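Student: I would like a close look at one part of a protein surface. Please take it slowly and explain the terms as they come up.

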Amino acid sequence: MNLPVELKYTKDHEWVKIEGNTATIGITDFAQGELGDIVFVDVDSVDDELSAGDVFGSVEAVKTVSDLFLPLKGTVSAFNTDLEDQPELLNTDPYGNGWIIKLEIAEDADHSELLSAEEYQASLG
């Protein structure tokens, strides 16, 4: 399983790349493997200010639909529109072209729940 060490992770299987006050967020290699073939990504929260733990969208696979949970408080600033025509990017390139949203991180956002790659790996058992 691919777990880039420069990223942070959540127990809900999202990854977070923080650059300044912007976070790029996607689902982990583990998550896409568990979901199987992803056929649709729904994000209607662009420009919404959300709290950590709020649902910001969903991913639909052949057999299931899974909610996406925001790892940090902030405002959703962008959605990866490539996923509208190519949702399979979540399967083929989850840490690259398969990113889902960009988030403008709130000044008072709590980073303490984010996991290192090693901590995330341990949480999978």
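Student: Which residues make the nonpolar surface patch of about 280 Å²?

Tutor: This is a predicted model, in which local features need pLDDT of at least 70 and side-chain atom pairs count only at pLDDT 80 or more, while totals for chains, interfaces and linings use all residues. Residues are numbered from 1 along each chain as its sequence is written, and side-chain values use heavy atoms, with hydrogens and water left out.

The patch is made by V39, F40 and V62. A patch joins residues with over 30% relative accessible area and no salt bridge (nonpolar side chains Val, Leu, Ile, Met, Phe, Trp and Tyr within 5 Å, like charges within 9 Å). The areas come from the Shrake-Rupley method with a 1.4 Å probe, and for residues only the protein chains shown count as cover. F40 is partly exposed at 42% relative accessibility (buried is under 20%, exposed over 50%, partly exposed in between, with a 1.4 Å probe and protein chains only). F40 belongs to strand 4, residues 38-42 (strands are DSSP runs of E, at least two residues; helices are runs of H or I, at least four; both are numbered from the N terminus).

Strand 4 also contributes to the interior. The largest nonpolar core has 27 residues, and V41, I27, L90 and I100 are among those with the most contacts inside it (a nonpolar core is a set of buried Ala, Val, Leu, Ile, Met, Phe, Trp, Tyr and Cys residues joined through side-chain atoms within 4.5 Å). Strand 4 supplies at least two residues of this core, as do strand 3, strand 9 and others. In soluble globular proteins, nonpolar side chains tend to be buried together. Leaving out residues up to four places away in sequence, L90 touches several residues, including V41, I27 and I100 (contact means heavy atoms within 4.5 Å). A second, separate core of eight residues includes L7, W15, A117 and Y120.

W15 is also one of the contacts of G26, along with H13, E14 and I100, neighbours within four places aside. G26 lies in strand 3, residues 22-27, and is buried at 1%.

Patch members must have no salt bridge, meaning a side-chain nitrogen of Lys or Arg within 4 Å of a carboxyl oxygen of Asp or Glu. The model has two of these. K17 pairs with E19 at 3.9 Å, and K73 with D108 at 3.0 Å. The K73 and D108 pair links parts of the chain 35 residues apart. K73 is partly exposed at 27%, whereas D108 is exposed at 54%.
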